[in-house]
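Welcome, and take a moment to turn the model around before reading on. The paragraphs below will guide you through it step by step.

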Amino acid sequence: NRPNNDLYLIEDGELMNVSREHFQIARETGGFVLEDRRSTLGTIVEGQTVGGGGKEGRVGLRDGDVIIVGASVSPYVFKFRVR
């Protein structure tokens, strides 16, 4: 079996509700898109929740966008960079 994810986040201590396949970033014509993959809490991109509640969601990404995996108190905060 080939893993579905390129990056795995391990939750130590209190669970932050990171889903198994929480989101993916895809390259499309004209840029990049973040797709929430029906996660429980969604993914926060620049302060806006994408997906969550078992529903898909997608949003375009720009260089420097901040991505929070799960709730706003999540320790998993990333900055999207285009090189």
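What follows is a walk through the strands, then through a few chosen residues.

Please keep in mind that this is a predicted model. A little background helps with the strands: in a sheet, they pair through backbone hydrogen bonds, either parallel or antiparallel.

Let us begin with the open sheet of three strands, whose order is 1-2-5 and whose pairing is antiparallel. Strand 1 covers residues 23-28 and strand 5 covers residues 57-61; both stand at the edges with a single partner strand, so one side of each has no neighbour in the sheet. From one strand to the next, the twist averages 25 degrees.

Now look at how these strands are joined. Strand 1 and strand 2 run antiparallel and are connected by six bridges. One place to find this pairing is Ala26, whose bridge partner in strand 2 is Val33. The two strands form a hairpin, with two residues between them. In that turn you will meet Gly30, which has a positive phi of about 90 degrees.

On to the next pairing: strand 2, residues 31-36, is joined to strand 5 by five bridges, and these two strands run antiparallel as well. Here Glu35 has Arg58 of strand 5 as its bridge partner, while Asp36 is matched with Gly57 in strand 5.

The second sheet to visit is also open, and its four strands come in the order 4-3-6-7 with antiparallel pairing. Its edge strands are strand 4 (48-50) and strand 7 (77-79), each of which pairs on one side only. The twist in this sheet averages 25 degrees from one strand to the next. Three bridges connect strand 3, residues 43-45, with strand 4, and the two run antiparallel. If you look for Val45, you will see that it stands opposite Gln48 in strand 4.

With the strands in place, we can turn to single residues. Which residues does Asp36 touch, leaving out those up to four places away in sequence? Among them are His22, Phe23, Gly42, Thr43, Val50 and Gly57. Asp36 is found in strand 2, and its relative accessible area is 2%. Because buried means under 20%, Asp36 counts as buried. The side chain of Asp36 makes a polar contact of 2.7 Å with the side chain of Ser39. Look also towards Gly54, which is 18 residues from Asp36 along the chain: the C-alpha atoms of the two are separated by 9.4 Å.

Asp36 leads us on to Thr43, since the side chains of these two residues make a polar contact of 2.8 Å. Is Thr43, with its 0% relative accessibility, buried or exposed? Thr43 counts as buried, and this residue is found in strand 3. Its side chain also makes a polar contact with the side chain of His22, at 3.3 Å. Beyond its neighbours within four places in sequence, Thr43 is in contact with several residues, including Leu34, Gln48, Val50 and Ile67.

That last name brings us to the nonpolar residues. Which residues make up the largest nonpolar core? There are six: Leu34, Val45, Val50, Leu61, Ile67 and Phe80. Take Ile67 as a viewpoint: not counting residues up to four places away in sequence, it touches Leu34, Val45, Leu61 and Phe80, and its other contacts include Phe23, Ile25 and Tyr76.

Phe80 has another part to play, in the one aromatic pair that the structure holds. The ring centres of Phe32 and Phe80 are 5.4 Å apart and their planes are at 65 degrees, so the pair is edge-to-face. The pair links distant parts of the chain, with Phe32 in strand 2 and Phe80 in the segment after strand 7, 48 residues apart. Phe32 is partly exposed, with a relative accessible area of 21%, whereas Phe80 counts as buried at 10% relative accessibility.

One last stop is Ser74, in the loop between strand 6 (66-69) and strand 7. Ser74 is buried, with a relative accessible area of 6%. A polar atom of the Ser74 side chain lies 3.0 Å from the backbone nitrogen of Tyr76.

Technical notes:
Residues are numbered from 1 along each chain as its sequence is written. This is a predicted model: local features need pLDDT of at least 70, side-chain atom pairs count only at pLDDT 80 or more; totals for chains, interfaces and linings use all residues. Side-chain values use heavy atoms; hydrogens and water are left out. Two strands pair if DSSP finds at least two bridges between them. Axes are lines fitted to C-alpha atoms, for helices over the stretch in contact, and angles run from 0 to 180 degrees between N-to-C directions. Buried means under 20% relative accessible area, exposed over 50%, partly exposed in between (1.4 Å probe, protein chains only). Contact means heavy atoms within 4.5 Å. A polar contact is a pair of N or O atoms within 3.5 Å; within protein, one must be able to donate a hydrogen and the other to accept it, and residues adjacent in sequence count only if both atoms are side-chain atoms. A nonpolar core is a set of buried Ala, Val, Leu, Ile, Met, Phe, Trp, Tyr and Cys residues joined through side-chain atoms within 4.5 Å. Rings of Phe, Tyr and Trp (its six-membered ring) pair if their centres lie within 6.5 Å; planes under 30 degrees apart count as stacked, over 60 as edge-to-face and the rest as tilted.
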